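I opened this notebook to keep a record of what I looked up, place by place. The entries follow the order in which I went through them.

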Amino acid sequence: MKTTIKKASCVGLAVTMLSSLAACETTQTEATEATTIPSQIETTAATEEDLPYEYGLDKTFHADQPVTYTMFFSDASWYPMVDTWKTEGIFKKIEELTNVTLDIKSYDSNDYMDQVTLDINAGNSAYIIPKIYDDSAFVDGGAIVPISDYVQYMPYYTDFYNTYDLSGDIKTITRANGKYYKLPGMKESNLINYSFVIRKDIWDAAGVDVEAIQKDWTWADLLEALKKVKAYMVSQGMCAEGDYIWSDLWCGNESGQGSGGNLLGVMASTYDVNAGWNIGNGMRYNTEQDKFIFSPTTDNYKEFLKTANSFIAAGILDPETFTQDDATATAQYYNGKTAIMSINQGQWANYEENMTAQLGAGNYENYVITMPIGSTRNSTVDPARLECGVMISQKALDELGEEGFIQLIRFVDWLFYSHEAYDLTKWGVEGEHYVVNSDGTKSLKDGFCCSGLGYGNDAENSMTDIRLQWGYAGGNFWYGGTVAEMSDNLIPPVADYVNRDYTDRDVPPLAPGIAPTADQNEEINLIATPLISNVNAWTLKFVTGQADIDAQWDEYVQSCNDLNVQGLVDIYAELYK
């Protein structure tokens, strides 16, 4: 069986550039000068003297002599690292190409950040620290190199930065001293990831033509559609009147982190507020007012809460969504008890595989819907074209010295930003695991599959999963890239919903950069930690109906005021003068 992957041909998957707002000015002259992020980075070329390595655009980094660098690794339990990754897989191939051995220090993904933090604080950091979302805890201690001081030595990084004008995006991670400490994954344009998959065969039978109504539908429209679907399922004996037909994953004890997880995060974003996985510290830039506001106490947040609660009040969404494990939700969708569930780009094959096993091929039809409209038509994508990234430890600079450190940086540049390494870490070895077709699409060769690329295993054909066996298409390496790279594994159903999002929804504006000092950052965290715990607790009570939104809204707002919301707003106002 050969898997052929077509790129979506649409305006949305062409070059979709995001607009950038100017970075904020600060009242401190030195900070104003320091926070100037160049629109273009000039690279520093090698001197005339011979270097002990090869590097450069369109070149493979290669050390003249074998070298070893330590690297942390986030090891996911659903595709755990095995010896073959090092002996014949991804790490071996990196070594063969570059003459660099990666000495891996692996931690389970569930406590990766806790373990990495302990090691860094104890002075035992690896040189290369990937899979970092928030670098705030590491900025002020001196254990992490301010990497912005060295990006001029990185030809692949600077070429991408300059080509796609990432300066406005980079300002969002720049600190008050004008430096940034994380090499972020950079994207030409954001592609939507999370949405909802539905049992289209059931929806069709219920008389709901989702393709006809989704372009302009609201959350209220989705609720009415689900009511019709449930009525049909009840009439056919597929469920009882007291059953729920929406039981979602990524929201409960296992992955929701007490915030409502993915479901509340994406729903809130359509109302231009922060919640769920996207709660952060609650602060959000309001373009109309030209200031930062605490979004969980706004009228839009109240409307978002009423919308979320309406699905539970109508007997559609199971309130246990916010406490159950993910496997409980997926099992109910796989066996046909529910008719809608969250999905991301990498889950399609997994869903199809499990449903075929339980329901039989041809006995169901999955379809990914366009996200409903809230108070805006905005897409649920993050406006910043940045992803998680890589930090480099001060230990590397101390132990390698300046010249050795620059050599390390140029290896990291190749590994995380070159097209060659992108293809290798995502697809494996060309000609061995995949081929590039005449039209530019990529295809896995016969005998191979990859759940990380959206293609599950085929037990009958004894296919080898290149992620499980050799570590390709894992989460530690490729974080962004061009639209062509990010979409090269999108199978038609996934490419279709990505296209619809770009065609029918707006890209939200990029917020101005905010760069708190170390003292301000500490004060922000001191306020935000108990404040957001309070917001999350109230939010789940409102959504599940344990608290009355209209009757107790003022009480909730007062509880946030008591936890010094104004102090947080004042800090942001000072930063955004």
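The entries below go from single residues to strands, a helix and cavities, and I kept in mind throughout that the model is predicted.

**Entry 1: G89 and K93**

I began with G89, which I found in the loop between α2 (84-87) and α3 (90-98). Its relative accessible area is 0%, so I noted G89 as buried. Setting aside the neighbours within four places in sequence, I listed T84, W470 and Y472 as the residues in contact with G89. I also took a C-alpha to C-alpha distance from G89 to Q152, and for these two residues, 63 apart in sequence, I read 31 Å.

I then moved to K93, which is placed in helix α3. Is K93 buried or exposed? I had to check this one against the cut-off: buried means under 20% relative accessible area, and K93 has 16%, so it counts as buried. Beyond the residues up to four places away in sequence, K93 touches E88, L424, V429, E432 and Y472. I marked Y472 in both lists, since Y472 is in contact with G89 and is also touched by K93.

**Entry 2: two positive phi values outside glycine**

Next I looked up A473, a residue in the loop between α17 (466-470) and α18 (483-486). Its phi is positive, about 60 degrees, although A473 is not a glycine. With a relative accessible area of 3%, A473 is buried.

D165 also went into this entry, because its phi is positive, near 55 degrees, in a residue other than glycine. I located D165 in the loop between α6 (155-163) and α7 (167-170). Whereas A473 is buried, D165 has a relative accessible area of 40% and is therefore partly exposed.

**Entry 3: S259 and its surroundings**

I went on to S259, which lies in the loop between α10 (219-235) and α11 (261-269). At a relative accessible area of 4%, S259 is buried. Which backbone oxygen does the side chain of S259 reach? I found that it is the backbone oxygen of G256, at 2.8 Å. Leaving out neighbours within four places in sequence, I recorded contacts of S259 with L264, G276, W277, N536 and L540.

**Entry 4: P508**

P508 is in the loop between α19 (492-504) and α20. I wrote it down as buried, given its relative accessible area of 11%. Apart from residues up to four places away in sequence, P508 touches N378, S379, V381 and P383. For a longer separation I picked L408, which is 100 residues away from P508 along the chain, and their C-alpha atoms are separated by 37 Å.

**Entry 5: strand pairs**

I turned to strand β6 (residues 128-132), which is mostly covered, with 4 of its 5 residues buried. How many bridges pair β6 with strand β13 (residues 386-392)? I counted 3 bridges, in the antiparallel sense, and for I132 I noted G389 as the bridge partner in β13.

The second pair is β9 with β10, which run antiparallel and are joined by 4 bridges. R284 has I293 in β10 as its bridge partner. These two strands form a hairpin with 4 residues between them, and in the turn I noted D290, whose phi is positive at about 55 degrees.

**Entry 6: helix α22**

From the hairpin I followed the packing to helix α22 (residues 565-575), where V565, G567, L568, V569, I571, Y572 and L575 are buried. The buried residues of α22 pack against β9 (283-286) and β10 (291-294), and also against the helices α20 (518-544) and α21 (549-562).

**Entry 7: cavities**

My last search was for enclosed space, and it gave 5 cavities of 30 Å³ or more. The largest cavity has a volume of about 160 Å³. I listed 17 residues in its lining, with M186, F416, Y417, G480 and G481 lying nearest the centre. The elements that give two or more residues to this lining are β7 (183-186), β13, α15 (394-417) and α16 (419-427), and β7 gives the most, with 4 residues. By type, I noted that the lining divides into 10 nonpolar, 6 polar and 1 charged residue. I closed the entry by marking β13 for its two appearances, as the strand paired with β6 and as a contributor to the lining of the largest cavity.

Conventions
Residues numbered from 1 in each chain as written. Predicted model: local features only at pLDDT ≥ 70, side-chain atom pairs only at ≥ 80, totals over all residues. Heavy atoms only, no water. Buried < 20%, exposed > 50% of the residue type's maximum accessible area, 1.4 Å probe, protein only. Contact = heavy atoms within 4.5 Å. Pairing = 2+ DSSP bridges. Polar contact = N/O pair within 3.5 Å; in protein donor to acceptor, adjacent residues only side chain to side chain. 1 Å grid on protein atoms, 1.4 Å probe; cavity = no way out; pocket = protein on both sides within 12 Å on 5 of 7 lines; lining within 4 Å. Points joined across faces, edges and corners; volume = space filled by probe spheres on them. Nonpolar A, V, L, I, M, F, W, Y, C, P; charged D, E, K, R; others polar.
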